[in-house]
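Here are my notes on the model, set out as numbered points. Please read them with the coordinates open.

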Amino acid sequence: MNTSPQAERPARLSVGVVGAGRVGPALARALQQTGHRPVAVSGVSDASRRRAERMLPDVPVVTPAQVLQVSDLVLLTVPDDALPPLVQGLAETGAVRPGQLLVHTSGRYGVSVLDPARRAGALPLALHPAMTFTGTEVDVQRLAGCSFGVTAPDELRLAAEALVIEMGGEPEWIAETNRPLYHAALALGANHLVTLVAQSMELLRKAGVEHPDRMLGPLLGAALDNALRSGDAALTGPVARGDAGTVAVHVSELRKHAPGTVAGYLAMARTTADRALAHGLLKPELAEDLLGVLADGADALGRDDFEGFGDRHGRADRDGLADRADREDRDGRDGSDDRDGLGGGDR
């Protein structure tokens, strides 16, 4: 007979949410659709309370301690930096009940952050949905097929897997020690993407494009699909081609019309050049001129504007990458195989 803690729990659970931000109410709604019962939610700001009322109507808004009093499963959906003191405070005040499932949704932390509650008898799980949330009904729909970064004690792996699947997601097991790297990878891909797209739309508006979202939609959709399918082989554009003159014009125009974007453009262009060269997409004989343009652009920014990028990385990096280009040229890696990615121009 299986006597593990999760096997003794009822099939359907009373669910509480501590932190009515964008994530918690959506996960509670997803669990509600499979028969679990949201019974309490806590929220401090007016926006949180309104969100709770909209996403979880008729569920009382109470204090965090009161949420724990009535819930079998508690979702701790607060900002990363607020999670450790919250857990510590709940444990110290006796709010945690033995046998209670305590789930946090932070990408940064594994289950060790829940140790104070675990010592009080809680069953700890880390379930991080790899999804961006809006705080609206659409979030529940987006959970279908969404990957969750899951960390759990061995004896709770089945419980963690079951909860993720019930929310429509797919569990991806992340080791405790790998959680920060996992989270950094997602932030690099998703959070920075929003910044890049927003900057691109602003620049298109300055260039006279009336509907930049319509212009970017198909382009970015194709670029994302190509990148997910082919990785670095999907690199396209003037940097991957080694068009130093075009890049120089870009830098000049950005400096005139949107100086705040220059540092980011140069940093991404240098990274793109490095990866394109390493993967044989950027012709070695074109690399040095391109890297020279990027280094000169960084020098022009000055130490205060770009943390000494030009002084620390200019000529030294340029020479180092040029040396590598020469070595790769001697090895026959001339980057001539479909340098624009999956067949086609500047997508």
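1. Overall burial and fold. The protein chain has 347 residues, of which 42% count as buried. The model is a predicted one. The chain holds 15 helices and 7 strands. If contacts are limited to pairs at least 6 apart in sequence, 65% of them join residues at least 24 apart.

2. The largest nonpolar core. This core has 33 residues, and the members that touch the most others are Leu 73, Leu 75, Leu 125, Leu 127 and Phe 148. Two or more residues each come from strands S1 (14–18), S3, S4 (101–104), S5 (123–129) and S6 (147–151), and from helices H1 (23–32), H2 (46–55) and H7 (157–166). H1 supplies the largest share, with 5 residues. Apart from this core lies another, of 22 residues, which includes Ala 263, Leu 277, Leu 290 and Leu 294. As background, nonpolar side chains in soluble globular proteins tend to be buried together.

3. Helix H1. How many of the 10 residues of H1 are buried? The count is 8, so the rest of the structure largely encloses this helix. The buried residues are Gly 24, Pro 25, Ala 26, Leu 27, Ala 28, Arg 29, Ala 30 and Leu 31. Arg 29 is thus listed among the buried residues of H1.

4. Gln 33. This residue sits in the loop between H1 and strand S2 (37–42). Gln 33 is exposed, since its relative accessible area is 57% and the threshold for that class is over 50%. Its C-alpha lies 8.4 Å from that of Met 167, although 134 residues separate the two in sequence.

5. Phe 148. Apart from neighbours within four places in sequence, Phe 148 has contacts with Leu 27, Leu 127, His 128, Pro 129, Leu 143, Val 164, Met 167, Gly 169, Glu 170, Pro 171 and Glu 172. Of these partners, Leu 27 is one of the buried residues of H1, and Leu 127 is among the core members that touch the most others.

6. His 128. This residue lies in strand S5. Is His 128 buried or exposed? It counts as buried, because its relative accessibility is 11% and the limit for burial is under 20%. The side chain of His 128 makes a polar contact of 2.7 Å with the side chain of Tyr 182. Sequence neighbours within four places aside, the residues in contact with His 128 are Thr 105, Ser 106, Gly 107, Ser 147, Phe 148, Gly 149, Arg 179, Tyr 182, His 183 and Leu 186. The C-alpha atoms of His 128 and Arg 108 are 8.9 Å apart, with a separation of 20 residues along the chain.

7. Ser 71. The loop between helix H3 (64–70) and strand S3 (73–76) contains Ser 71. Its relative accessibility is 0%, so Ser 71 counts as buried. A polar atom of the Ser 71 side chain lies 3.3 Å from the backbone nitrogen of Gly 16. Beyond four places in sequence, Ser 71 is in contact with Ser 14, Val 15, Gly 16, Val 39, Arg 97 and Gln 100.

8. Asp 58. Where does Asp 58 sit? Its place is in the loop between H2 and H3. Asp 58 counts as exposed, because its relative accessibility is 82%. Its phi is near 75°, a positive value in a residue other than glycine. Most residues other than glycine have a negative phi.

9. H11 against H13. Helices H11 (residues 244–257) and H13 (residues 284–301) pack at about 15°, and their axes are 8 Å apart. The two are therefore roughly parallel. Their crossing is right-handed. At the contact, Ala 244, Val 247, Ala 248 and Arg 255 of H11 meet Asp 289, Leu 290, Val 293, Leu 294, Gly 297 and Ala 300 of H13.

10. H12 against H13. Helix H12 (residues 262–278) packs on H13 at an angle of about 160°, with 10 Å between the axes. This makes H12 roughly antiparallel to H13. The crossing here is left-handed. On the H12 side, the residues that meet H13 include Ala 263, Leu 266, Ala 273 and Leu 277. Among their partners in H13 are Leu 290, Leu 294 and Gly 297.

Technical notes. Residues are numbered from 1 along each chain as its sequence is written. This is a predicted model: local features need pLDDT of at least 70, side-chain atom pairs count only at pLDDT 80 or more; totals for chains, interfaces and linings use all residues. Side-chain values use heavy atoms; hydrogens and water are left out. Helices (H or I, at least four residues) and strands (E, at least two) are DSSP runs, numbered from the N terminus. Buried means under 20% relative accessible area, exposed over 50%, partly exposed in between (1.4 Å probe, protein chains only). A polar contact is a pair of N or O atoms within 3.5 Å; within protein, one must be able to donate a hydrogen and the other to accept it, and residues adjacent in sequence count only if both atoms are side-chain atoms. Contact means heavy atoms within 4.5 Å. A nonpolar core is a set of buried Ala, Val, Leu, Ile, Met, Phe, Trp, Tyr and Cys residues joined through side-chain atoms within 4.5 Å. Axes are lines fitted to C-alpha atoms, for helices over the stretch in contact, and angles run from 0 to 180 degrees between N-to-C directions. Angles under 35 degrees count as roughly parallel, over 145 as roughly antiparallel, 65 to 115 as roughly perpendicular and the rest as oblique. A crossing is left-handed if the near helix is turned anticlockwise from the far one by less than a right angle, and right-handed if clockwise.
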